[in-house]
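Here are a few short exercises on charged side chains. Try each one on the structure before you read the solution.

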Amino acid sequence: MDLKYHILLNITLLAAAVLNISCSTGRNTSASRAYHELTTRYNIYHNAEENYTRLLEAQLINSNDKWFELLTFHPGEKSTNKEIPGGPFDAVIDKTAKSIVEHSITAKPRRDPSKAHSTEYRQWLKQEEFNPYIKNSWLLMGKAYVQNGDYNEALSVFKEIQRIFPNEKELIAEAQIWMLRSYVGLNNKFEADNMIYILKSSKIPNDLEPLFN
């Protein structure tokens, strides 16, 4: 092997190793947060979202409505009598779960003494998740469970969203709307009515009004 090529190869491998270490999810730095946000957004989430949209469109095209029966929210909606979880949206669930497992950053960052008196900074330090794009993976996973008709699994995901992201008001509102749909899918009128009350008691973001309605 040419010596010059060998040296360049070693330098490239070393740079890659350094980048991998510095961008590990066990290290919470501005570089690691930027790297994992970018990777989550474009390497995994983008493909999962496209797959989700494609599956919804396919269900609309291939559905046959029974006009003498009560129509479901969506043509692909499943029966509440499912015994085994799973369905056409499993691939979406797998991709979003992969993005969470591989790119979630829960390690606390090194504190910046110069920001010690900032209320906003102290609040930021208290959060559980530091990859700013992971919330989208959580939400898409819950929606995919709903589309599979696995409402209990969906509810578990949406409740976890509320626990991990308590300050993300719009995210929580959207998760609660999907929780409402899940309770309706389970024919759980009590919890559905309670969720409607919760949503109406808070201000629903304008862009979520159509979904809620």
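Before you start: a residue is buried under 20% relative accessible area, exposed over 50%, and partly exposed in between. Keep in mind that this is a predicted model.

**Exercise 1. Work out which parts of the model to trust.**

Start with the whole chain: its average pLDDT is 83, and 81% of the residues score at least 70. Now go to residues 5-22, where pLDDT stays under 50. The model has 5 contacts beyond four places in sequence for that stretch. Where pLDDT is low, the predicted coordinates should not be read in detail.

**Exercise 2. Find the salt bridge between Glu37 and Arg41, and place both residues.**

First, the distance: the two side chains come to 3.1 Å, N to O, and the cut-off for a salt bridge is within 4 Å. Next, the location: Glu37 and Arg41 both sit in helix H2 (residues 30-62), 4 residues apart, or about one turn of the helix. Last, the accessibility: Arg41 has a relative accessible area of 28%, so it is partly exposed. Glu37, at 23%, is partly exposed too.

**Exercise 3. Which parts of the chain does the salt bridge between Glu128 and Arg163 tie together?**

Check the pair: the closest N and O atoms of Glu128 and Arg163 are 2.9 Å apart. Then place the two ends. Glu128 is in the loop between helix H4 (119-126) and H5, while Arg163 is in helix H6 (residues 151-164), so the bridge ties together parts that are 35 residues apart in sequence. Glu128 has a relative accessible area of 33% and Arg163 one of 45%, and both values fall in the partly exposed range. To finish, look for company: Glu160 joins Glu128 and Arg163 in a network of salt bridges.

**Exercise 4. Do the same for Lys135 and Glu168.**

The closest N and O atoms here are 3.1 Å apart, which makes a salt bridge. Lys135 belongs to helix H5 and Glu168 to the loop between H6 and helix H7 (169-185), so this pair ties together parts 33 residues apart in sequence. Lys135 is partly exposed at 22%, and Glu168 is partly exposed at 30%.

**Exercise 5. Is Lys143 buried or exposed, and what is around it?**

Locate Lys143 in helix H5 (residues 134-148). Lys143 is buried, yet has no salt bridge. Check the nearest side chain of opposite charge: that is Glu174, 4.4 Å away, against a cut-off of within 4 Å. Finally, list the contacts: leaving out residues up to four places away in sequence, Lys143 touches Tyr52, Phe158, Glu174 and Trp178.

How values were computed
Residues numbered from 1 in each chain as written. Predicted model: local features only at pLDDT ≥ 70, side-chain atom pairs only at ≥ 80, totals over all residues. Heavy atoms only, no water. Helix = DSSP H or I, 4+ residues; strand = E, 2+ residues; numbered from the N terminus. Buried < 20%, exposed > 50% of the residue type's maximum accessible area, 1.4 Å probe, protein only. Lys, Arg positive; Asp, Glu negative; His and termini not counted. Contact = heavy atoms within 4.5 Å. pLDDT = per-residue confidence, 0-100.
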